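Student: Could you take me on a close look at one part of this protein, the part where nonpolar side chains gather, and then show me what lies around it?

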Amino acid sequence: MASTSSSDELPSTEIVSRIQHTPAGAAAWVERDGRGRLFVRCQGCTLYRQVDGMAPALAALVTHLPTCPADATDVDPV
């Protein structure tokens, strides 16, 4: 049986850190895309920033958490 996937397709992103929470309760994490690039993502303020290297990405995540501008009205209840 022939494969239906093309060589141009990339695997989906994956979360590569613990999911952390901002003071307002929004989830934030570091993820890796199919090309190996790292991003810090926050669901509260919609931050999505590429960061080179895992240590800098984790530092950016930890720095972002207490300073996230999202408030409780920006966060979907779980």
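Tutor: Let's begin at A57, in this predicted model. Setting aside the residues within four places of A57 in sequence, its contacts are V30, V40 and V51. These names come back when we look at the largest nonpolar core, which has 13 residues. The members that touch the most others there are A28, V30, V40, C42, V51, A57 and L61. Three elements, β3, β4 and α1 (54-67), each give two or more residues to this core. The biggest share is that of α1, with four residues. As general background, nonpolar side chains tend to be buried together in soluble globular proteins.

From V30 we can step across to V16. The two are 14 residues apart along the chain, yet 5.7 Å separates their C-alpha atoms. V16 sits in the loop between β1 (14-15) and β2 (20-21), and its relative accessibility of 21% makes it partly exposed. The cut-off helps here: buried means under 20%, so V16, at 21%, does not count as buried. Leaving out residues up to four places away in sequence, V16 touches V30, E31, R32, L38 and M54.

One of those partners, E31, deserves a stop of its own. E31 belongs to strand β3 and is buried, with a relative accessibility of 4%. Its side chain is joined to that of W29 by a polar contact of 2.9 Å. Beyond the residues up to four places away in sequence, E31 touches T13, E14, I15, V16, R37, L38, F39, R41 and Y48.

Two names in that list, F39 and Y48, take us to the aromatic rings. Searching the whole structure turns up one aromatic pair. In that pair, F39 and Y48 are stacked, with 4.6 Å from centre to centre and 0° between the planes. Planes under 30 degrees apart count as stacked, so the angle of 0° explains the label. The two partners differ in exposure: F39 is buried at 7% relative accessibility, while Y48 is partly exposed at 39%.

F39 also leads us to D33. D33 touches T13 and F39, again not counting residues up to four places away in sequence. You will find D33 in the loop between β3 (27-32) and β4 (38-42), where it counts as buried at 11% relative accessibility. What does the side chain of D33 make a polar contact with? It meets the side chain of R37, at 2.5 Å. A polar atom of the D33 side chain also lies 2.9 Å from the backbone nitrogen of R35.

Finally, let's return to C42, which we met among the core members, and ask about cysteines. How many disulfides does a search of the whole structure find? The search finds zero. A disulfide is a covalent bond between the sulfur atoms of two cysteines. Why is there no such bond at C68? The closest cysteine sulfur to that of C68 is in C42, and because it is 3.7 Å away, it is too far for a bond. For C45, the closest cysteine sulfur is in C68, at 3.8 Å, which is also too far. The cut-off for a disulfide is 2.5 Å. As for exposure, C68 is buried at 11% relative accessibility, whereas C45 is partly exposed at 23%.

Conventions
Residues numbered from 1 in each chain as written. Predicted model: local features only at pLDDT ≥ 70, side-chain atom pairs only at ≥ 80, totals over all residues. Heavy atoms only, no water. Phe/Tyr/Trp six-rings, centres within 6.5 Å; stacked < 30°, edge-to-face > 60°. Buried < 20%, exposed > 50% of the residue type's maximum accessible area, 1.4 Å probe, protein only. Contact = heavy atoms within 4.5 Å. Polar contact = N/O pair within 3.5 Å; in protein donor to acceptor, adjacent residues only side chain to side chain. Core = buried A, V, L, I, M, F, W, Y, C linked by side-chain atoms within 4.5 Å.
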